[in-house]
Amino acid sequence: MEYLQLGRISLIISFLLIIIGFWGILSQKNIIKIIVSFTILDTGINVLIVSLGYLKGRTAPIIDASVSQGPNHNVLNAIVDPVPQALVLTAIVIGFGVTALLLAYAMKLFKAKRTLEINQFNDLKW
Amino acid sequence: MVSPIYIVAAALGVGFAIGVLGKLGKNFSGILALLTIGFMTFVSSEWLYAFYVGNQVPTYIFTAGFKPPISINLLMGPKEAFLTTMVNFIGLLGGIYLFFNFGRKGRNAYVVYMVFLMSLNVVIMTRDIFNLFVFLEISAIATAGLILIERGNRAVGAGFKYIIATSIISSILLIGIIFAYFYTGTLNIDGLVQAHLSTTATGGIAVFLIMIAAVLEMKPFPANGWGLDVYEGSHQGFSAVVSVATATASYYVLYKLLAIAGPVGSQWDYYLALMGAVTFIGSNLLGVKQKFARRLLAYSSIGQLGLLMLILGLRKYLGDNLDYVVLGILITNLFAKTGFFWLAGIVKAKTLKEWAIIRRKPFFLFLMGTFVFALIGFPPFPSFFAKWTMVMNLARQGGFGWIAVILIGSFLEAIYLFRWFGYAVKGEDTYKYDFNIRWHKITPIVILVAALYYAGYLTSQYTELGRMIDFIPLFFVLVLFAIDFLPVAVKNTIAILGMGTYFYFIYPDLDNLRLIFEVIFMVGGILTLIAGYAYKGKRSGFYPVAILMYAGLTGIIQAHTTLEFFFGWELMTAGSYFLIIRGKRSMPHALSYMLFSVAGAYAILAGFGIANIGQAFPSLDIMNNIQYFPNWAYGLLLIGFLTKTASVGLHIWLPGAHGEAESDVSPMVSAILLKAGVFGIVLALIGMSKSDFDLSALAYTLGWIGALTALFGNIGAVFQEDAKRLLAYSSIGQLGYIVFAFAIMTQLGWLTGFTYVINHFLYKAVLFLTVGAIVLRVGTHNMYEMGGLIKKMPWAFFAVLIGIIALSGVPPLSGFTGKWLFYNAIIEKGWYFQGVIAMFAGGIAFLYLYRLIQTIFLGQLKDNHRNVKEISIWFLIPIYTLLTGILVFSYEPQWVLKPLGNMIAQYFPNNGLHWEGSYAYSHLGYWTGAGVAATVSVVFVIAFILLKIMTRKAHKLEQFDIVFSGERPERPETTHIAYNMYAGFYKAVWPLTVPLVERFWTWMSDLVHETAGFVRRIYSGNGQAYMLHIILYIIILYFITIGGNI
Amino acid sequence: MVRNFLIGLVLASIGFIFFNLYNTYEPKTELNGIAAHYAAKGAEEIGAANIVTAIVVTYRGFDTMGEVTILFLTASIIGFFLKLSKKDEAKKIIHHGTSELLITSAQILVPIIFLFGVYVFMNGHLTPGGGFQGGAIIASGVALLIMANPNRQINHHAILWIESISGVSFVILGLLGIFLAGGFLDNRFLSLGTFGDLFSAGAIPLIYSFIGLKVGAEISNILNKYQKSQKES
Amino acid sequence: MSIYAKLAYTLLGLFIVLNWGMLMSATFRKIVARVAGRHGIPFYQPWIDLIKNAGVRTTLSHGFMFYLGPVFRFTGAVGMFLFMPALFGSDMWSNFSFQGDLILLLYFQSFGMLGMAIGAGDGGHPHSTIGISRGLAQHAAIELPMILGVISLAIQYHTLSLNEIIAAQQGGFQHWTIFTNPIAGITLLLAALGAMGHSPFNLVKAPNEIPIGPPTEYHGTYLGVLMSSGAILHVIEAALFMNLLFGGATNWLEYIVKTFLIYFYSVFVGVVFPRFKIEQSVVWFFKIPLALGILAILIYSF
């Protein structure tokens, strides 16, 4: 069952989420839906980051009882990669910031034209 | 030395604190923010200074007390110091410029702006790729916020597009980063470089994702609609900062990440160059079609980004000079583009045409001119030296295709920038609204302009070649700018004295060849300047640009190196452009003059580049010893020079440019300026004569070009109604003779050429000065609206009479000297048909010369000219000085031709002509200038006296004593003989007058416009479409770079 | 139609790229590079039981400062972007009432939520959690308040002060790292203490607390702006 | 030979040529009249005209340049005579041909024409301008075969000196250029038709529509000077082609016979063919004469 191990499954899921995100971004006309698609994309990427840090059979990178009780008392062999977990935190925060800003923009755009259709906002072109 | 980490600490500390401190008032927050930015500037410039002085080594700054890769580190090296200084400096000026715009949005805007600049600093300095990502995001979010300081929905739309586009790009970057980490276990850029990621197939994709994200940050064409919208939609004050500061940081991101992609010369170099080239050419092409100023600046900005990307991709070719080139391009773009955006923010004119209002305040025009010329890469701005270095290096390494790309892209940029500038200088100013000056907005621009000039000087001093350039004439030009408020007579005197003094000091150093041209340029210049005393008032802006042209002309004469020559050449082009555009209806003609000149200059640049291959030092002598691709090198040089001599095919700019110019400018640009092209051709031909290669085909082609130019120029002149245009076409024809004669490449041929050069200078100056002076008196160029002026202006008539006899080549005046030499030269060389065509053209010259004198001076005086006076004495002085020259040269041609023959003997065997007293002997014939002149004079005088005696009682008839019919100058089409004078001849030769060349260039121009109009439809304005572009760009590039090779 | 086809093609191509990535993916079996260093030395160098926290606050503390900045920026931008006129500010939001359940639970839960948030960021170096998580939890309490009463006035000044002071303190703590320890954001200028204690791991609890407060304040600020922007006419 | 003797011979030659020219123009008018069925003028009419014109008290002038027109014309005619050797092989009759070669002659032709054109223009009469504009157009067209022919000759004889060209043709008619280089010869003869200015190439004066063209306003003494110049030019034009194509002349009889024949070749062509419009005449020179001229050079190019 090597192909169904957790790392690969979450990798596939993350890719699917990213593709769904791109699909939404490219095909949805409603700006709110596009923003939601962005969050799906972000989520996909976050899952991707975490799943790349996954090591089979290891525990969270917190040195507590679970680590000491593991089969091997060496921390090096007990925990998953902590770096992606730190990075994903940053990615989430950035995603939050961008989404917040996008929503503010969406409000203003709606105020401007009373619509959220993205193809109504092409004042600047050519 | 203050550690650069304090840039971050200061910006964030003050930023966070303003939340509370902001209670003390909006302006307090603003000033605090500016002080902080000032501190940031101080820190970075302190480092830059330390590096500049040379006692500083690049320093790493470790955070958290751990060494990389454990922890994030920053690097402060010379490049980082320079870039951060630039970002902070521009940021500081931008802060001042936008001070009140931020203020309207509240104190938060200052904070966001400050943090924005800080994030760019970190982006430049950081050596950790994830940290890079974080701070790129900060800058993106800050940008999305600062776009909003502009009011209106357009800014909101632009900001939205911007933020969704950058989100996609950063997603891609993040995926790339995480995979890169996954494969290497490090996030440090130096660590990633050492990991050689791209050597493995798996790492290749990670590298691809990282690189493509970095490329997309550079807004590559065509996936850059969002970038355009930001530049256009946000406040121009902020667009400037995004356009230059963000762009600078993005460039450096690409530079840093490129190291991950592979060493110098790896495939990513090539892809970058390709994408840069597409962007550079693509956005400049679309710019051509653009009517709105803001968006045009956007296209231009993106074009510059493409250029930077291209240069980075070409680092293999540029080697050690990469930094110099980038510095030159970057610094010009930084200062000029920023200034331009800010200027656009002040002027607030929407379309390019509306920019005509800018000349209500001439100082603004000066600012705009500086920016335009700097962006195109004219001297003395840094981009000039950068472009030069780049082309030289590319040629040396065989990157000819890239040279073409760079020059074509630059040319497209020149099209729209000069069209825009033309509107500003000469467009119709019929707009009601005005723009007002606010000191906090103007001061930053003025600082930028000063910095631009100074940077240009510094850049030139950076290289050995640049240090050889003589800046004294240029300095004189700046002095004249400074004293532009003085009355015309004072400035004229200063200009004449300056030129005279300069000439006095330099002429002993010149060889005979250069002396001839220098005399034409400087003495001719002084003579035509004398005519300037006839003008009243201030004549604002005339003297600096006239002297600029003469500075360029003397520059090409004095040049020892190809760089000096090109420097002079571009100065001359710039000066003459300004002179030409001063004419009343000169706008389109000045544009076409400039475009041909720029294209020609690029051909010369490329030619010098090829000539430089394999040479130790680029002195001008390399033209005598071109070792590789000599046909290309000489061909390109000749094409460049032929644009200036207005040879057939490249001539369409001349009639309008010369015809519409001011009265004393026409002789400057016709009699004097055209000789610069001739001088270039002479230099090229000297080189060809010394070359070991067989270049006869090139000379042969040149000969045909010359002959056809003579024919078409003269035929064109016959059918002109406008006196100055007639003379302009005549100049085309005359220059055709000159080109042809030099192309013969024998002693006789060159004697002919020089004779024509001197002759054309003399009589064309006389004719243009006279006709110009007449135009000043009668107020029209149209010949059919004049007539009978001999009664009013006998002195002018006599000058024109001598001028046309000399031009027509009728003995005994000096024109015949040229004709006689010409026959001998062509028969000796065996170029019969070309010679016959040229001679036939000479026959046609009679037609237009007669028309000139007849319709202006003879026939019936027009009613509205009954009170005109003789032309101004200030015109008559130079005219009669030049006439003296014609007579001396006619009667004693050997005075000039003998030393000329000796000089030419250096280049060609001295066997064509020998002199016995005043008798000239060639292999074929003989002739004496003095003798013929004496004989003719004696007969003439005797006949005249006899006739006078026999008709001694004759009295003068009044105008209406004879039949007088069919002259209606106001409706000349049907009845006036002076209108359409050679109708019969036209019916015979009309096939030769079909403007095929004009049609060709019109077709070319239409093609460019249509293409641009078609391509730019991809910028539909829809944010979703722009995202699709970005993703498509990624995918297409993926298949190009990696494809299925996994 | 063409458009949909194009999008389909694009998605398929993205899928192809991901397929290539997936194909070459080999699950890691060992920690390598910096991860190995953090795992082996992290506890010892930083003194934090939670390695992720060690990375976030110290090793990559500079990134974290960036994150905080992003939130700060977002809040600031939304601050002037969604700024209301004086007239709008005075208006009330018209709504059809909120559910009793929400109002009641808000009264009970909000203090607990706040407390929990504080707990999470204070113990960030020991247990899962940290400043961002704690801050978000606090902000969720604010969200609950707002939902319970859309016209509720959040104390703007308090948020501002908290935000400002905690932000400045964060920077000052970072600077202290330069003066007293190895570099900017070095946590070791305070004693590392006993491994596993609340007051251990140098300045981490302090830094994380300030981050937590700041994050909570920023997010609350953003929520506040969103809420108020409904009043805009 | 002293310069005075030279001068004396030259003036004598000029006198001969002037009278011979007047006689030829009288003959020309007579022939044209007879062809038209009229009786025509007596052969001495030109002398009568000259005396009459000189005797008429001229009282009118249009200005300074108006004076200069005839002066230019006269100087042009005399100059042409001076710069061409009258008789070959004779130092006495070589005139001032040492001062310049064939090129000088070709271009000096225009001296009188241009001056006359400007002088006539000063008269202010539109007819003058019309005539001149046509004349210049036609002149430009003639130039083309003329130059081609001359260059062909220059290639053939490796010289541009008229004396040397004549010298090369000595020793019997078979050495004449017209036989040694017939294509160039024919080209030049066709060009000569235009240069002589008789019908079909006499639109310049076009006596029927625009009364006598350029000299419209000239009368009395001015006209006398113009007529004398015209008479000289008739002979000189013929003499130029004689020198180029027919071996020149070694004595005055030969000179008179050859110039007469060449002149009347153009006259007879003129009475047979009607006048061309200006565009027709220009185009005519661009056809056969041009083709022949190119051929004349091509045969020497290979």
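How many residues of chain D are in contact with chain B, and how many of chain B with chain D? The model is predicted, so local features are restricted to pLDDT of at least 70 and side-chain atom pairs to pLDDT 80 or more, while totals for chains, interfaces and linings use all residues. Residues are numbered from 1 along each chain as its sequence is written, and chains are lettered from A and ligands numbered from 1 in the order in which they are written.

In the contact between chains B and D, 66 residues belong to chain D and 61 residues to chain B; two residues are in contact if their C-beta atoms, placed from the backbone, lie within 7 Å. Four pairs of chains touch, and the pair B and D has the most contacts among them. On the chain D side, elements giving two or more residues include strand 1 (60–61), helix 3 (64–83), helix 4 (102–122) and helix 5 (126–157). Helices (H or I, at least four residues) and strands (E, at least two) are DSSP runs, numbered from the N terminus. Helix 5 of chain D gives the most, with 17 residues. By residue class, this side of chain D has 37 nonpolar, 21 polar and eight charged residues. Here Ala, Val, Leu, Ile, Met, Phe, Trp, Tyr, Cys and Pro count as nonpolar, Asp, Glu, Lys and Arg as charged, and the others, Gly among them, as polar.

Strand 1 of chain D also pairs with strand 6 (residues 955–956) of chain B, in the parallel sense and over two bridges; pairing requires that DSSP finds at least two bridges between the strands. In this pairing, B:His955 stands opposite D:Leu60.

Chain B also touches chain A, through 33 residues of chain B and 31 residues of chain A. Helix 4 (82–113) of chain A is one of the elements that supply at least two residues, and the largest share of the chain A side, 14 residues, comes from this helix. The chain A side comprises 24 nonpolar, four polar and three charged residues. Chain A and chain D do not touch, with their nearest C-alpha atoms 53 Å apart. Chain C and chain D are not in contact either, and their closest C-alpha atoms lie 62 Å apart.

Within chain B, the axes of helix 26 (residues 587–611) and helix 27 (residues 630–645) come within 7 Å and cross at roughly 155°. Axes are lines fitted to C-alpha atoms, for helices over the stretch in contact, and angles run from 0 to 180 degrees between N-to-C directions. The two helices of chain B are therefore roughly antiparallel to each other, a term for angles over 145 degrees. Residues that meet include B:Phe596 and B:Ile604 in helix 26 and B:Trp632 and B:Leu636 in helix 27.

Technical notes. Angles under 35 degrees count as roughly parallel, over 145 as roughly antiparallel, 65 to 115 as roughly perpendicular and the rest as oblique.
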